[in-house]
Amino acid sequence: MSIAIYTLTSGLHDEKVVGSVTKEFLSSLHIDYDFKDGEYSDYGTHSLDLIYVRTGGAEGIFRRLLPDLLTKSGRPFYLLTSGKSNSLAASMEILSYLRQEGYKGEIIHGSADYISKRICLLEKANEAKQLLNGCRLGIIGKPSDWLISSNADKNKVKELLNIDLIDIPMQELLDEINGTPLEEQQEQAPTEAIRKALPGAYQIYQALRKVVHRHALQGFTIRCFDLLSTVRNTGCLALAKFNSEGIIAGCEGDVPAMLSMKMAQSLTGVSGFQANPASIDPETGEMLFAHCTIPFNIVERYEFDTHFESGIGVGIRGYMKEGPVTIFKVSGNLSRSFIEEGELVRNQAKPDLCRTQQVIRLSDPSMTSYFLTAPIGNHHIILPGHHKEVLEQLIETL
């Protein structure tokens with residue numbers, strides 16, 4: 001992972017003067033980079049490739065280079081300019097040409113501080129997209145019957161993210177569960193019923209590990225409510241463990257939620273809390289989100305309970321640190337997204353809701369209108385910290 005800066009220079013300008021400006025300008029950015037003075041042989045192989053338009057008059061050179069650059073990289077073109085020697089004017093002409101030809105691009109220009117921050121943001125988004133490239137995500141069973149809008153366009157997902165969505169029959173998992181022995185667990189449980197359910201919850205986890213390994217998955221979503229009627233237990237504990245181990249694990253066969261979790265993980269290192277809103281106050285921007293599982297690696301502590309709707313198995317009540325959070329969701333064809341920041345103001349543990357409960361206040365209360373007028377399904381992903389800017393940048397790369 002690295003940044004490369006490729007130069008684009010007109011022969012009409014004095015090389016000594018241009019070289020002096022180049023040294024001063026690039027030094028002011030305080031970033032690590034590989035300098036490629038007019039050499040484009042490895043263009044497209046870095047986390048971020050920048051074309052430093054050093055002078056005016058370089059437009060024709062770029063047009064001659066373009067066919068070769070297009071074969072090396074399918075990314076947008078990022079034109080870096082200091083503004084000296086008519087470099088900004090040349091960059092504008094180049095970007096105009098790119099847009100006429102149907103290609104994406106951006107001029108990176110401004111103060112040294114702005115340019116540096118912009119470059120770092122672009123690098124992080126591009127690194128995330130590279131991490132997503134070639135991922136295999138499993139759909140174990142179909143989406144739950146009530147998730148009538150939570151399918152995905154496999155072709156679009158493959159085209160835009162190069163992620164393969166793999167259909168896996170629920171029966172494959174059930175067969176693995178039946179073939180996995182029960183083992184006694186030493187973990188403490190608050191009730192005798194939960195203590196008795198723990199071996200079965202770990203049995204589901206071990207069976208899922210075999211399925212994940214067999215299909216070489218980096219994540220999955222599971223039609224988990226089927227486990228209630230077939231094995232009289234839940235996948236909540238297994239999902240909490242997988243997510244904390246770096247394998248995306250989503251509930252109810254919700255494919256857009258799984259994609260959102262994987263995209264979030266590529267940027268932040270954690271998959272986030274898949275939850276649905278239980279109540280909304282449009283005037284204050286305060287919302288209550290809840291679900292029966294949460295990754296162990298994003299909570300300060302957790303405890304076992306039963307699964308809320310069924311009252312059986314093992315559910316997870318996790319307590320995430322209060323403070324900044326980001327709410328994120330993409331649609332199944334990646335044409336829409338929702339990203340908003342807020343504050344986790346408190347965790348709660350009411351008995352009449354899914355076990356992990358978070359009260360979040362949106363930074364902009366007016367954004368509650370999205371949930372009431374144009375939501376992307378019901379499940380959304382809650383991430384610790386504020387990540388709106390970099391998530392928006394990742395979406396921009398699609």
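These are my notebook entries on the strands, helices and charged pairs I looked up in this structure, which is a predicted model.

**Entry 1, the five-stranded sheet.** I began with the sheet whose strands follow the order β2-β1-β3-β4-β5, and I noted that this open sheet has 5 strands with parallel pairing. At its edges I found β2 (34-36) and β5, and since each has a single partner strand, one side of each is left without a neighbour in the sheet. From one strand to the next, I recorded a twist that averages 25°.

I then went to the edge at β5, where strand β4 (residues 77-80) and strand β5 (residues 105-108) run parallel and are joined by 4 bridges. Between these two strands the chain passes through helix α3 (residues 87-100), and I wrote down this β-α-β crossover as right-handed. Residue by residue, I found Leu79 opposite Ile107 of β5, while Leu80 has Ile108 as its bridge partner in β5.

Next I asked which helix lies across β1, β3 and β4. I found helix α2 (residues 59-72) there, lying across β1 (3-8), β3 (48-53) and β4 and running at about 145° to β4.

**Entry 2, the four-stranded sheet.** I turned to another open sheet, in which 4 strands pair in the parallel sense in the order β7-β6-β8-β9. I marked β7 (164-168) and β9 (248-250) as the edge strands, each of which pairs on one side only. Ignoring direction, I noted that neighbouring strands here are turned by 20° against each other on average.

For the pairing of strand β6 (residues 136-140) with β7, I recorded 5 bridges in the parallel sense, and I found that Gly138 has Ile166 in β7 as its bridge partner. I saw helix α7 (residues 192-214) lying across β6, β7 and β8 (219-222), with its direction at about 130° to β8. Helix α9 (residues 236-244) also packs on the sheet, where I found it touching β8 and β9, and its direction makes about 155° with that of β9.

**Entry 3, the antiparallel strands.** I followed strand β14 (residues 323-330) into strand β15 (residues 337-348), and found these two running antiparallel and joined by 8 bridges. They form a hairpin with 6 residues between them, and in the turn I noted Leu334, which has a positive phi of about 65°. Across this pair, Phe328 stands opposite Ile339 in β15.

I also looked up how β15 is joined to strand β16 (residues 356-362), and found 6 bridges, again with the strands running antiparallel. Here I noted Gly342 opposite Leu362 in β16.

**Entry 4, a helix pair.** I checked helix α10 (residues 255-268) against helix α12 (residues 388-396), whose axes come within 11 Å and cross at roughly 120°. I entered the passage of α10 by α12 as a right-handed crossing. On the α10 side I listed Met263, Ala264, Ser266 and Leu267, which meet Val390, Leu391, Leu394 and Ile395 in α12. Of the residues in this contact, I counted 7 as nonpolar, 1 as polar and none as charged.

**Entry 5, salt bridges.** How many salt bridges does the structure hold? I recorded 22, and I looked at one of them, between Asp113 and Lys117, where the closest N and O atoms are 3.3 Å apart. Both Asp113 and Lys117 lie in helix α4 (residues 112-132), and I noted that they are 4 residues apart, about one turn of the helix.

Key. Residues numbered from 1 in each chain as written. Predicted model: local features only at pLDDT ≥ 70, side-chain atom pairs only at ≥ 80, totals over all residues. Heavy atoms only, no water. Pairing = 2+ DSSP bridges. Right-handed = clockwise from strand over helix to strand, strands pointing away. Axes fitted to C-alpha atoms, helices over the stretch in contact; angles between N-to-C directions. Left-handed = near helix turned anticlockwise from the far one by under 90°. Contact = heavy atoms within 4.5 Å. Nonpolar A, V, L, I, M, F, W, Y, C, P; charged D, E, K, R; others polar. Salt bridge = Lys/Arg side-chain N within 4 Å of Asp/Glu carboxyl O.
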